[in-house]
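Thanks for coming, everyone. Please look at the structure on the screen while I talk.

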Amino acid sequence: TFHHFISVSEAVRRDLIENCKMPAPLITTAHAGCPPIECTFPKSRSKQFRVGYFGRLVAVKGVHILVDAAKLLPYGIEVLIYGSGPQEEELRLQAEGTCCQLMGQIEDVFEAMANVDVVVIPSLWLEAFPFSALEAMAMGKPIIAAETGGLPEQVIHKETGLLIPKGDATALAHA
């Protein structure tokens, strides 16, 4: 039997209390951390502003919202989508003719992250406490994230990044 639970965010704690009917005094929140990452990778010489997504290509991650937002972006912005998953082919078709490039699965996230100017986390579901946000912060990258789950606990609006309403491609493009 368990005597105490540790959640990775207040959003998860609230969910455990509200939906799983767990007693609040038995749950403690302990946010994850990531040490600073000394970037030794050469930065891209691209003159374009680069936006990066790092994660699974599944509907709940909202990557299709990012592709829709890319259609609204001005010339000179490049959107790089790193990862793989069941939506890969659908996203590839959706991204045709846009500034998006699907880069596929990569071994070294930090090398790829070093070559973007901002990291986007467009999730539609209640993210617990995504590690991609911690990695971006450890590399000093600003974040544009959907205001859902534990993301508002990680991203301080207009300080460490921007928060946008989840599912809003126009707000994402504007950010």
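I'll go through the sheet, then a helix, then a pair of rings. Keep in mind that this is a predicted model.

Let's start with the sheet. It is open and has six strands. The order reads β5-β4-β3-β6-β7-β8, and the pairing is parallel. A quick reminder: strands of a sheet pair through backbone hydrogen bonds, either parallel or antiparallel.

Which strands stand at the edges? They are β5, residues 100-104, and β8, residues 161-164. Each has a single partner strand, so one side of each is left without a neighbour in the sheet. From one strand to the next, the twist averages 20 degrees.

Now zoom in on β6 and β7. Strand β6 covers residues 118-121, and strand β7 covers 143-146. Three bridges join these parallel strands. Look for valine 120: opposite it, in β7, stands isoleucine 144.

Next, the helix. Helix α2, residues 63-70, lies across β3, β4, β5 and β6. Its direction is at about 165 degrees to β4.

Last, the rings. The structure holds one aromatic pair. How do the rings of phenylalanine 54 and tyrosine 82 sit? Their centres are 4.9 Å apart and their planes are at 5 degrees, so the pair is stacked. Phenylalanine 54 lies in strand β3 and tyrosine 82 in strand β4, so the pair ties together parts that are 28 residues apart in sequence.

Are these two residues buried or exposed? Phenylalanine 54 has 11% relative accessibility, so it counts as buried. Tyrosine 82, at 9%, also counts as buried.

Methods. Residues are numbered from 1 along each chain as its sequence is written. This is a predicted model: local features need pLDDT of at least 70, side-chain atom pairs count only at pLDDT 80 or more; totals for chains, interfaces and linings use all residues. Side-chain values use heavy atoms; hydrogens and water are left out. Rings of Phe, Tyr and Trp (its six-membered ring) pair if their centres lie within 6.5 Å; planes under 30 degrees apart count as stacked, over 60 as edge-to-face and the rest as tilted. Helices (H or I, at least four residues) and strands (E, at least two) are DSSP runs, numbered from the N terminus. Buried means under 20% relative accessible area, exposed over 50%, partly exposed in between (1.4 Å probe, protein chains only). Two strands pair if DSSP finds at least two bridges between them. Axes are lines fitted to C-alpha atoms, for helices over the stretch in contact, and angles run from 0 to 180 degrees between N-to-C directions. Contact means heavy atoms within 4.5 Å.
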